[in-house]
Amino acid sequence: MSDSALSQPSRLNRLFPSGSFGEMIFRSLCFSAATLTLVAMAGIIVALTIGGWPAFRTFGFNFFLSSEWNPVSEVYGAAGPIIGTLITAFLALLLALPLAIGISVFLVEFCPRILARPIAVAVELLAGIPSIVYGMWGLFVLAPWFAHYIQFPLLIHVSPDSWLGRMVAGVPNGANILTASLILAIMILPYMASVFRELFLTVPAQVREAAYGLGATPFEVVCSVIIPYVKRGLIGVIMLGLGRALGETMAVTFIIGNTHSLPHSLFDSGSTIASTIANEFTEATSEMHSAALTALGLVLFMITFMVLIMARLLIGKRS
């Protein structure tokens, strides 16, 4: 061990000796940093509540149940954006989760070492692409392709009276709930895959080798050893991916269709809370319109907050 490493603790002790005024300042700064987030969160809740209170007071609980959104008659209902937010987020998570786990398992267990690192770096780079780039790609590439090769053939060959026909009913323009969910899935996939990979790498090699030595197959090692070993981290990553999908704005705004009615099929146009706020906040000239959009922001904040609480409860039960 080098002399510089040995002298490091003594230098820190000289800088902040026990019981000194410097240590008190250091602890105070740490405490301030820890409480700053709570203060900021409380301020956001208070500001959103005050700003959205006129809408809550005027429409009451019907604000959450009605899908009518008419700035001309000053009638606002948030059911459409709320349902659209939940559907697109959960569909995106349903599509991205198995792919993310599969990518991470391949990189950790099966991929040659010479290729694993470059592929992992490429996945991490995909996680850093701005959301507006995904939105433009979805609008100009994915939506036309989806309408021409998937939506239009389904509308022609599937009976409209069947359950599948009702699920795929809609205008074949590519801008709908399902394509918005696909864009969200593509966006959260590299983020979840990269974090899953880091979690799987924390499993000791001796544990995996012992399982293989007992005759376990790769599938059994993954399901019985690796995933149980990092299950708490898995839940956290899943909930963080869901939170990212819930709050995504620009990519969804480009491709979801932006109608406030309740979606009746996967190919119906819809809206999310974030896309509604992004589309209308600059055009909200009346006080009630601004209050309704602020109330939507509070609803989105509370939905995300409930997702995080659910994650903590699940982690606590499995610990």
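Reader: Which residues of H5 are buried in this model?

Author: In this predicted model, the residues of helix H5 that are buried can be picked out, and they lie on the same side of H5, because they cover an arc of only 60 degrees around the axis. An α-helix has 3.6 residues a turn, so residues three or four places apart point the same way. The buried residues in H5 are Ala-116, Ala-120 and Val-123.

Reader: Which helices do the buried residues of H5 pack against?

Author: On the other side of H5, Ile-114 and Leu-125 are exposed. The buried residues of H5, for their part, pack against two helices, namely helix H4 (79–110) and helix H8 (177–201).

Reader: How far apart are the end C-alpha atoms of helix H5?

Author: Helix H5 runs over residues 113–127 and so holds 15 residues, which at 1.5 Å a residue should span 21 Å. The distance in the model agrees with this expectation, for the end C-alpha atoms are 22 Å apart.

Reader: How many disulfides does the count come to?

Author: A disulfide is a covalent bond between the sulfur atoms of two cysteines, and the rule used here asks for sulfur atoms within 2.5 Å. The sulfur of Cys-223 is 20 Å from the closest cysteine sulfur, that of Cys-111, and is therefore too far away for a bond. By this rule the number of disulfides is zero.

Reader: Which residues touch the most other members of the largest nonpolar core?

Author: Phe-196, one of them, touches residues distant in sequence, including Leu-97, Ile-101 and Leu-234. Of the 67 residues in this core, those that touch the most other members are Ala-55, Phe-63, Phe-196 and Phe-200.

Conventions
Residues are numbered from 1 along each chain as its sequence is written. This is a predicted model: local features need pLDDT of at least 70, side-chain atom pairs count only at pLDDT 80 or more; totals for chains, interfaces and linings use all residues. Side-chain values use heavy atoms; hydrogens and water are left out. A nonpolar core is a set of buried Ala, Val, Leu, Ile, Met, Phe, Trp, Tyr and Cys residues joined through side-chain atoms within 4.5 Å. Buried means under 20% relative accessible area, exposed over 50%, partly exposed in between (1.4 Å probe, protein chains only). Contact means heavy atoms within 4.5 Å. Helices (H or I, at least four residues) and strands (E, at least two) are DSSP runs, numbered from the N terminus. The expected span of a helix is 1.5 Å times one less than its number of residues. The arc is that of the directions from the helix axis to the C-beta atoms.
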